[in-house]
Amino acid sequence: MKNILLIGGSYGIGLAIAQELQNENNIFVASRTNENLAGLNVNHIPFDASTDTLDTSKLPAILDGLVYCPGSINLRPFRGLKPEAFEADLQINFISLVKVIQAVLPNLTAGEYSSIVLFSSVAASMGMPFHTSVAAAKGAIEGFAKALAAEYAPKIRVNVIAPSLTDTPLADKFLNNETKQEKSAERHPLKRFGKPEDSAQMASFLLSDKSSWISGQIFHVDGGMSTLLVNG
């Protein structure tokens with residue numbers, strides 16, 4: 001069984017990943033709460049990515065996989081965004097991610113091979129209004145992932161999942177009624193918005209040996225939004 005660490009695994013995509021992986025892996029979930037984890041075969045570590053230092057003594061000596069899930073959806077006009085908003089988005093999406101990876105790097109390099117899965121956004125590759133802050137933070141992740149993948153190949157594989165709008169608590173205000181859901185679905189060529197399971201299944205693949213020849217890639221799990229034109 002692989003030892004997999006999920007940073008954030010109590011809600012949304014992180015929870016879906018924990019559910020996807022729990023039966024065939026030894027899962028550690030580092031998150032602020034263990035809510036929704038009852039009944040799952042996982043080990044919970046109290047951890048707030050925005051403020052805490054990860055206690056690595058609670059982790060196995062060898063980690064085969066790491067997934068960093070915390071993020072933000074801060075959509076506002078650029079003229080109304082203060083520098084502090086950019087700093088906050090960069091902190092939770094990227095700086096805290098760097099701190100976690102540096103903390104567990106000895107564990108990730110202790111085994112034969114390991115895999116890191118990070119999360120970006122469709123907004124990092126598409127010019128979308130009101131996304132300047134989150135797109136900047138997610139863009140940092142994509143550039144970082146490619147450089148890290150190059151530096152640690154072949155020991156550590158690093159890949160990124162870039163979803164479009166996904167039905168999670170973080171995105172609730174964008175999908176909290178039928179009209180919003182219909183409009184969001186219509187914007188995607190595949191005519192639906194994302195489900196947590198869509199990204200969880202990709203993460204499972206990237207953590208597995210089935211993806212052993214894949215590193216430094218950005219996977220757009222976005223209903224075709226980043227590459228396909230919607231008819232009409």
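**Helix α1 and the two largest pockets**

In this predicted model, the buried residues of α1 are covered by a set of elements that includes β1 (2-7), β2, β3 (42-46), β4 (65-68), β5 and α5 (196-207). The helix α1 is mostly covered, with eight of its ten residues buried. A reader who follows α1 along the chain will find these buried positions at G12, I13, G14, L15, A16, I17, A18 and L21.

Attention now turns to empty space. Rolling a probe the size of a water molecule over the atoms shows where such space is left. The largest pocket holds about 1,200 Å³. Its lining is made up of 49 residues, and those closest to the pocket centre are S72, I73, T168, L170 and A171. Two or more lining residues come from each of α1 (12-21), β2 (25-31), α3 (132-152) and α4 (178-187). Thus α1, mostly covered as a helix, also lends residues to this lining. The largest share belongs to α4, which gives four residues. Sorted by class, the lining of the largest pocket has 25 nonpolar residues, 18 polar ones and six charged ones.

The second largest pocket contains about 320 Å³ of space. Here 17 residues form the lining, and Y113, S114, R157, D209 and S212 are the closest to the centre. Two strands, β5 (114-119) and β6 (156-161), each supply at least two residues of this lining. Strand β5 is also among the elements that cover the buried residues of α1. By class, the lining of the second largest pocket comprises seven nonpolar, five polar and five charged residues.

Note on methods. Residues numbered from 1 in each chain as written. Predicted model: local features only at pLDDT ≥ 70, side-chain atom pairs only at ≥ 80, totals over all residues. Heavy atoms only, no water. 1 Å grid on protein atoms, 1.4 Å probe; cavity = no way out; pocket = protein on both sides within 12 Å on 5 of 7 lines; lining within 4 Å. Points joined across faces, edges and corners; volume = space filled by probe spheres on them. Nonpolar A, V, L, I, M, F, W, Y, C, P; charged D, E, K, R; others polar. Buried < 20%, exposed > 50% of the residue type's maximum accessible area, 1.4 Å probe, protein only. Contact = heavy atoms within 4.5 Å.
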